[in-house]
Amino acid sequence: MFVMHKDNTIIRMFRVSKRYGKMEALSDLTLEIRNNEFVFITGPSGAGKSTMIKLLYMGEIASEGAIIIDGVYMERITRKQIPHLRRKFGVIFQDFKLIPTKTVFQNVALVLEVLGVKPKEIQPRVMEALERVGIDDRAGELPPVLSGGEKQRVAVARAIVGEPKIILADEPTGSLDPDSASHIFQLLQEAHATGTTVVVATHDQHMINTGHGRVIRLVKGHLNPDDEARRIERGMDP
Amino acid sequence: MSMLAAKRALTDIVNNKFLNIVSILTISLSVFILSAFILFFINATDFLDGWRKGVRIIAYMADGVSEEQRQVMVDAIQTSDAAEDIKFVSKEEAYKELKQNIGEQSSLLDGLDKNPLPDSLEITLKDGVRSQEDIEKLANRISGLPNVDDVEYAQKWLHRFNGVYNLFKVTGGVLASIFFIATLLIIANTIRMIMFSRREEIEIIRIVGADENFVKYPLYIEAVLQGFLGGVIGIVTLFLAFVLTVPGLSMEGAFSFFEMRFIPVKFSLAIVLCSMMIGWIGCYFSIRKFLKL
Ligand SMILES: Nc1ncnc2c1ncn2[C@@H]1O[C@H](COP(=O)(O)OP(=O)(O)OP(=O)(O)O)[C@@H](O)[C@H]1O
Ligand SMILES: [Mg+2]
């Protein structure tokens with residue numbers, strides 16, 4: 001792995017483009033996200049928010065440009081190293097992506113098994129994560145019997161249990177009622193408070209307005225220039 | 001492969017009970033059908049072999065052959081190295097046997113003032129001597145010996161029988177291959193189906209940072225275990241069916257030489273091993289196809 005000089009930047013994207021055939025989902029995107037920042041990525045449907053999240057956890061590979069995450073330059077990474085990179089992230093999706101045949105406990109424990117945590121330590125750590133999101137009483141249930149809000153809390157528990165450096169969330173509240181949504185948002189803020197960098201792609205204007213995060217607005221795969229201008233005015237230029 | 005992978009495979013099986021049961025049953029059904037065919041084939045071959053072993057050459061002797069002359073004949077036949085056993089049947093013995101065989105109608109023989117049957121030698125053939133040509137050659141040799149009146153063997157019948165026997169072996173071999181390939185495809189396909197239905201789950205496991213081996217090992221263990229259980233259940237079911245039905249099939253009279261037997265243990269083990277290997281291979285290809293690993 002090629003390790004870059006360490007500074008306070010945890011995610012660095014330089015002139016990144018992503019094409020699906022002729023369709024350019026992201027165009028020439030350059031941005032930096034600092035350690036322990038809370039970032040909203042917003043913009044109209046089809047703007048490339050999900051694409052950007054996928055590029056970060058290497059669910060997709062950029063067509064052009066460079067992405068550096070926690071000092072690791074993704075272009076230089078081999079296929080075998082992708083799993084190691086992914087362990088830096090906790091990822092949350094709109095459709096939860098829980099494994100329906102595994103219990104709540106097993107879904108969360110999976111992360112620790114992947115990380116190679118000793119079997120003895122898995123039980124207490126999973127229960128602690130489930131307690132943090134307030135769903136420890138449902139540990140033995142299968143996801144299909146849970147409500148949407150409960151499922152997403154399990155997904156948050158799964159995202160935080162491995163104590164990742166970065167949490168990525170793609171529309172985490174997109175299919176939830178307002179109460180559940182604000183609960184999830186609150187959990188993300190708690191994770192942020194413990195030092196985690198949080199990147200949330202969302203349409204949820206209420207969440208953006210009440211949060212104190214930085215807002216990155218994408219339009220048709222480009223950074224919104226107005227936004228960048230405002231950022232520079234506010235002296236947030238990296 | 002670590003113990004942890006095995007443990008995860010077991011948890012997976014418990015979590016995916018339904019899928020696993022369906023695939024194990026599918027595998028056992030196809031193994032059952034294949035093995036039933038093999039069982040039939042083995043026994044039919046045994047049966048036909050038994051019949052062929054029954055082929056004898058009977059040399060009828062001239063009247064009044066002395067014991068020394070007879071011994072000369074026996075020695076001559078023995079030098080040909082094709083006879084397993086040579087049995088002397090005196091005319092009296094032959095008469096008694098004939099009387100017994102016709103039973104109730106034995107009074108028919110009462111009209112005869114003297115025994116019309118000659119002394120004879122019954123020659124059973126060695127295992128290697130089975131072909132039409134071998135038997136004919138030996139029969140011709142015997143009929144050329146002094147004091148031999150006539151030689152009898154089931155010439156035409158044997159000829160036709162050999163044709164049927166060979167045809168049976170060839171069609172049996174072809175059918176067995178077809179069954180085998182069908183079984184192979186069914187098992188591989190069942191494993192594929194399972195993988196396909198689980199690809200989303202596997203995608204999730206990879207998103208949380210699992211490496212190839214973490215994903216693959218339990219899948220291989222599961223597939224091989226499915227092959228094993230499917231194979232064992234298929235064979236054991238067939239064995240039970242065999243044990244329950246065979247005593248009811250009476251093999252008496254002309255068929256008394258023949259005893260049904262089950263697929264030999266080694267062969268059964270080979271079938272189970274095959275089933276496991278196909279599970280492994282099915283897993284290998286599905287992983288490459290659906291998981292792009
Ligand atoms: N796998 C794919 N193949 C082809 N085109 C794709 C693929 N994924 C995304 N796209 C296209 O890329 C563009 C950006 O998609 P993306 O999912 O990133 O948008 P988004 O901002 O997340 O939208 P939404 O708010 O609706 O979720 C869209 O035009 C989409 O059709
Ligand atoms: Mg999206």
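Contact here means heavy atoms within 4.5 Å. The model shown in these views is predicted.

**Figure 1. Surroundings of Ser80(B), a residue in the loop between α3 (67–79) and β2 (83–89) of chain B.** Leaving aside residues up to four places away in sequence, Ser80(B) touches Leu138(B) and Arg141(B). Along the chain, Ser80(B) and Arg141(B) are 61 residues apart, yet their C-alpha atoms are 8.8 Å apart in space. Is Ser80(B) buried or exposed? With a relative accessible area of 18%, Ser80(B) is buried, because buried means under 20%.

**Figure 2. Chain B, its elements and its domains.** Chain B has 9 helices and 4 strands. Along the sequence they follow the pattern α-α-β-α-β-α-β-α-β-α-α-α-α. Domain 1 of chain B takes in 2–50 + 159–291, and domain 2 takes in 56–153. The centres of domain 1 and domain 2 of chain B, taken over C-alpha atoms, are separated by 51 Å. Chain B has 293 residues, and buried residues make up 40% of them. Among the contacts in chain B with a separation of 6 or more, 84% join residues 24 or more positions apart. The exposed area of chain B is about 16,900 Å², and carbon and sulfur atoms supply 63% of that area.

**Figure 3. The shell around ligand 1.** The shell holds 13 residues, of which Ser45(A), Gly46(A), Lys49(A), Ser50(A) and Thr51(A) come nearest to ligand 1. By residue type, the shell around ligand 1 divides into 5 nonpolar, 6 polar and 2 charged. Which elements of chain A each supply at least two residues of this shell? They are β2 (23–34) and α1 (49–56). The largest share, 3 residues, comes from α1(A).

**Figure 4. Oxygen atoms of ligand 1 and the N or O atoms of Ser45(A), Gly46(A) and Ser50(A).** In the side chain of Ser45(A), an N or O atom is 2.5 Å from an oxygen atom of ligand 1. For Gly46(A) the atom concerned is a backbone N or O atom, 2.8 Å from an oxygen atom of ligand 1. The side chain of Ser50(A) has an N or O atom at 2.7 Å from an oxygen atom of ligand 1. Ligand 1 taken alone exposes 630 Å², and the protein buries 63% of that area.

**Figure 5. Ser50(A), a residue of helix α1 of chain A.** Besides its place by ligand 1, the side chain of Ser50(A) makes a polar contact with the side chain of Asp170(A), at 2.7 Å. Ser50(A) and Ala25(A) are 25 residues apart in sequence, and their C-alpha atoms are 9.5 Å apart. The relative accessible area of Ser50(A) is 28%, so Ser50(A) is partly exposed.

**Figure 6. Helix α1(A) and the residue Met58(A).** How many of the 8 residues of α1(A) are buried? The helix is mostly covered, with 6 of its 8 residues buried. These buried residues are Lys49(A), Thr51(A), Met52(A), Ile53(A), Leu55(A) and Leu56(A). Two of them, Lys49(A) and Thr51(A), are also among the residues that come nearest to ligand 1. Met58(A) follows α1(A) and has a positive phi, near 60 degrees.

**Figure 7. Lys97(A) and Lys220(A), two loop residues with positive phi.** Most residues other than glycine have a negative phi. Lys97(A), however, has a positive phi near 50 degrees. Lys97(A) lies in the loop between β6 (89–93) and α3 (104–115) of chain A. Its relative accessible area is 25%, so Lys97(A) is partly exposed. Phi of Lys220(A) is also positive, about 50 degrees. The loop that holds Lys220(A) runs between β9 (214–219) and β10 (222–223) of chain A. Lys220(A) counts as exposed because its relative accessibility is 68%.

**Figure 8. Lys165(A), a residue in the loop between α5 (148–161) and β7 (166–170) of chain A.** Is Lys165(A) buried or partly exposed? Lys165(A) counts as partly exposed, at 39% relative accessibility. Between Lys165(A) and Tyr57(A) there is a separation of 108 residues along the chain, and their C-alpha atoms are separated by 12 Å.

Methods: Residues numbered from 1 in each chain as written. Chains lettered and ligands numbered in written order. Predicted model: local features only at pLDDT ≥ 70, side-chain atom pairs only at ≥ 80, totals over all residues. Heavy atoms only, no water. Buried < 20%, exposed > 50% of the residue type's maximum accessible area, 1.4 Å probe, protein only. Domains from an automatic or database assignment. Near = heavy atom within 4 Å. Polar contact = N/O pair within 3.5 Å; in protein donor to acceptor, adjacent residues only side chain to side chain. Areas by Shrake-Rupley, 256 points an atom, 1.4 Å probe, with all protein chains shown as cover. Nonpolar A, V, L, I, M, F, W, Y, C, P; charged D, E, K, R; others polar.
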